[in-house]
Amino acid sequence: MFQYCPGCASKKIDFQGNRFHCPDCGFVYYHNTAAATGCVIRTGETLLLLVRGKEPAKGKLDLPGGFVNPGEGALEGLHREMEEEIGWTPPVPPGSPLTGVYTLFASFPNVYPYRNIEYNTCDLFFTLAVPSLSEGDLRLEEAEIAGVRFVKASEINFDDLAFDSTRRALRAWLDQYGNDWYV
Ligand SMILES: [Zn+2]
């Protein structure tokens, strides 16, 4: 990521774990884990999955969500990403915190490669159920999202999912909520 020290241009800068260090000038930079979110939206007997419109994993299936921005909490970040990516957010009763809308059910690490740099993320997975939701309710972010799929649990092809953390999250979701699927 850095070939030269940003502090003194030394070529001796090295990277271990998550830390860049320059022995010549003492420069230190921590390439820390970033927080990211994903949301399993259940509507009726289907789950909403997005078709990624850009790399990494272009064309693979993903959940709504994304990186948490500086200054945001995880729920605010998720709510913003939902608005940006699918143009739809669940109704939030006035004065109600987002914790009453989205339920955290799992968290897994992920590695997100972007332009030759790997970002380690801590993915937080939330879920919510809505009585009805269809493609006509959504306004997709064209640069990011190529389409949507409403899939039944039995029709999820785990090989089509974009990321390991998403696979683990959907398995965890099915373990936790799958028994109620047809209720
Ligand atoms: Zn230096």
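These are my notebook entries on what I looked up in this structure, which is a predicted model.

**Overall layout**

I began with the chain as a whole, and I found two helices and nine strands in it. Reading from the N terminus, I wrote down the order of these elements as β-β-β-β-β-β-α-β-β-β-α. I then took the extent along the principal axes, where the C-alpha atoms fill a box of roughly 65 × 40 × 30 Å.

Of the 183 residues in the chain, 43% are buried. For the contacts between residues at least 6 apart in sequence, I noted that 59% join residues at least 24 apart.

**Surface and charge**

I looked up the accessible surface next, which comes to about 10,100 Å², with 49% of it belonging to carbon and sulfur atoms. The chain carries 16 positive and 24 negative charges, and I noted that the mean positions of these two groups are 6 Å apart.

**The zinc site**

Which residues coordinate the zinc ion? I found that Cys5, Cys8, Cys22 and Cys25 do so, each through its SG atom, at 2.3 to 2.4 Å. In sequence, these donor residues follow the spacing C-x2-C-x13-C-x2-C. The angles among the four donor atoms run from 103 to 115°, and the site is tetrahedral; it earns that name because all angles lie between 85 and 135 degrees.

I also checked how two of these donors are covered by the protein. Cysteine 5 has a relative accessibility of 3%, so I entered it as buried, given that the cut-off for buried is under 20%. Cysteine 8, with a relative accessible area of 36%, is partly exposed.

**Backbone entries**

Before turning to single residues, I reminded myself that most residues other than glycine have a negative phi, and that most peptide bonds are trans.

Alanine 9 has a positive phi of about 70° although it is not a glycine, and I placed this residue in the segment before β1, which spans 14-16.

Arginine 115 also went into my list, with a positive phi of about 50°. Where does arginine 115 lie? I found it in the loop between β7 (103-114) and β8 (117-130). Is arginine 115 buried or exposed? Its relative accessibility is 71%, so arginine 115 counts as exposed.

My last entry concerns a peptide bond: glutamate 55 and proline 56 are joined in the cis form, with omega at about 0°. I located proline 56 in the loop that runs between β5 (46-52) and β6 (61-62).

Definitions and conventions
Residues are numbered from 1 along each chain as its sequence is written. This is a predicted model: local features need pLDDT of at least 70, side-chain atom pairs count only at pLDDT 80 or more; totals for chains, interfaces and linings use all residues. Side-chain values use heavy atoms; hydrogens and water are left out. Donors are N, O and S atoms within 2.8 Å of the metal (3.2 Å for Na, K and Ca); water is not among the atoms, so sites may look incomplete. Four donors count as tetrahedral if all angles lie between 85 and 135 degrees; four count as square planar and six as octahedral if opposite donors are over 155 degrees apart and all others between 65 and 115; anything else is irregular. Buried means under 20% relative accessible area, exposed over 50%, partly exposed in between (1.4 Å probe, protein chains only). Helices (H or I, at least four residues) and strands (E, at least two) are DSSP runs, numbered from the N terminus. Contact means heavy atoms within 4.5 Å. Accessible areas come from the Shrake-Rupley method with a 1.4 Å probe; for residues, only the protein chains shown count as cover. Lys and Arg count as positive and Asp and Glu as negative; His and the chain ends are not counted. The place of a charge is taken as NZ of Lys, CZ of Arg, CG of Asp or CD of Glu.
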